[in-house]
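Please look through the following structure with the sequence beside it, and let the description below lead from single backbone positions to the packing of the interior and then to the surface.

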Amino acid sequence: MSRVNRPYVGIPSFLRARICEDLATLDAAIAVLGVPFDEGSPFLPGSRFAPRALREHSLRFYGSGRGYYDPETRREYLVEEMAQGLIADAGDVDIHPANAERTFANITAAVRAILDHGAMPVVLGGDHSITYPVFRAFDETLHVIHFDAHTDYAPFENDLQHTNSHAFRHIAGMPNALSLTQVGIRSLRHSPDQVEPIIAAGNRVIPMGEFRRLGPAGIAELLPAGARVYVSIDVDAMDMSLVPGCVSAEPNGMSYPELRDSLKAIAERHEVAAFDFVEVNPPLDVGTGVTAYLGALTVIEFLGQICAQPRWAARRRAKAA
């Protein structure tokens with residue numbers, strides 16, 4: 001094995017992708033962007049360290065540098081993307097401590113720069129407040145699919161509007177959000193005004209009981225085939241027994257296969273415009289970093305499924321041309 005393939009050697013860019021230090025020079029099909037922001041967390045901070053932890057654990061999947069192999073399907077994924085340098089690590093957004101609005105402006109500007117260069121943003125949080133400034137970078141209309149234990153739809157009161165409990169109240173009111181589908185909702189810490197207005201507006205809240213009745217394919221079938229979607233994944237969509245490094249973990253969550261298969265079904269049925277992964281809290285994780293590892297695995301597998309679709313292959317050929 002080459003020395004550079006060892007996960008503890010070298011600069012930990014995501015999947016050892018080349019680092020783009022200036023988005024004005026971005027030339028890639030996929031841009032991984034870190035947002036080390038956790039000032040939207042009203043309880044325990046620490047998710048600011050997640051982008052770095054996710055990058056470090058992604059190195060364990062680098063292997064030969066030609067994608068990853070799944071023994072279940074006996075297929076390799078991300079081979080062309082990694083071999084041809086189609087993935088770039090765009091570094092981290094500049095964070096302005098105690099100035100959420102300025103940080104949010106930086107997030108939106110960075111995502112817009114990625115979109116302007118024709119790349120798909122893959123965003124590593126950070127707490128869930130970051131999804132709002134990420135999503136507002138899009139001019140096109142998109143359906144939003146949100147995996148979480150919580151709706152993150154808190155009312156704007158007491159001068160609070162930028163916490164990780166507010167992101168989807170912002171997003172649901174935006175003109176480019178065609179619909180909002182929230183999957184895995186279960187926390188008893190909700191109040192009626194965090195759930196009922198979503199449903200009244202014609203959006204969907206899928207608690208765990210309904211999720212298990214529908215199954216992964218049923219979740220994907222809630223939207224018309226071929227829809228353009230933005231996917232937001234909170235690590236606490238999974239059961240709390242799986243994610244010790246998460247402040248807001250809840251019982252009765254998804255198993256890893258349930259989340260994995262749901263994301264696979266979405267990738268197969270829809271066109272993913274972008275996705276984010278949030279709320280890993282490394283200071284709370286156990287010594288092996290299992291939550292960060294599970295997070296890196298989720299991001300890599302979902303990205304692999306997106307890039308395995310014929311529509312992506314056509315885009316890759318166009319990019320090469």
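In this predicted model, glutamate 279 counts as buried, because its relative accessible area is 5% and the limit for that class is under 20%. Glutamate 279 sits in the loop that runs between strand 11 (271-278) and helix 9, and its phi is near 80°, a positive value in a residue other than glycine. A positive phi is also found at asparagine 252, where the angle is near 65°; this residue belongs to the loop between strand 10 (228-234) and helix 8 (256-269), and with a relative accessible area of 42% asparagine 252 is partly exposed.

Another backbone feature concerns the peptide bond from glycine 125 to glycine 126, which is cis, with omega near 15°. Glycine 126 is placed in the loop that links strand 6 (120-125) and helix 4 (131-135).

Turning to the interior, the largest nonpolar core has 62 residues, and those that touch the most other members are Ile30, Phe147, Val231, Phe275, Phe302 and Leu303. Helix 9 (residues 290-307) supplies the largest share of this core, with ten residues. Apart from this core lies another, made up of 43 residues, including Ala88, Phe104, Ala113 and Ala273. When residues up to four places away in sequence are not counted, isoleucine 30 touches Glu81, Leu86, Ile87, Ala88, Ala119, Met120, Val122, Leu303, Cys307 and Trp312.

Cys307, one of the contacts of isoleucine 30, leads to the matter of disulfides, of which the count is zero. Cysteine 20 is in no disulfide, and the nearest cysteine sulfur, in cysteine 307, is 18 Å away. Why does the sulfur of cysteine 307 form no bond with that of cysteine 20? The two sulfurs are 18 Å apart, which is too far for a bond, because a disulfide requires cysteine sulfur atoms within 2.5 Å. Cysteine 20 is buried, at a relative accessible area of 9%, and cysteine 307 likewise counts as buried, at 6% relative accessibility.

Which residues form a nonpolar patch on the surface? Phe43, Leu44 and Leu284 do so, and together they have about 290 Å² of accessible area. Phenylalanine 43 is located in the loop between strand 2 (30-35) and helix 1 (50-58), and this residue is classed as exposed because its relative accessible area is 62%, where the class begins at values over 50%.

Technical notes: Residues numbered from 1 in each chain as written. Predicted model: local features only at pLDDT ≥ 70, side-chain atom pairs only at ≥ 80, totals over all residues. Heavy atoms only, no water. Patch = residues over 30% accessible without salt bridge, like charges linked within 9 Å, V, L, I, M, F, W, Y side chains within 5 Å. Areas by Shrake-Rupley, 256 points an atom, 1.4 Å probe, with all protein chains shown as cover. Salt bridge = Lys/Arg side-chain N within 4 Å of Asp/Glu carboxyl O. Helix = DSSP H or I, 4+ residues; strand = E, 2+ residues; numbered from the N terminus. Buried < 20%, exposed > 50% of the residue type's maximum accessible area, 1.4 Å probe, protein only. Core = buried A, V, L, I, M, F, W, Y, C linked by side-chain atoms within 4.5 Å. Contact = heavy atoms within 4.5 Å.
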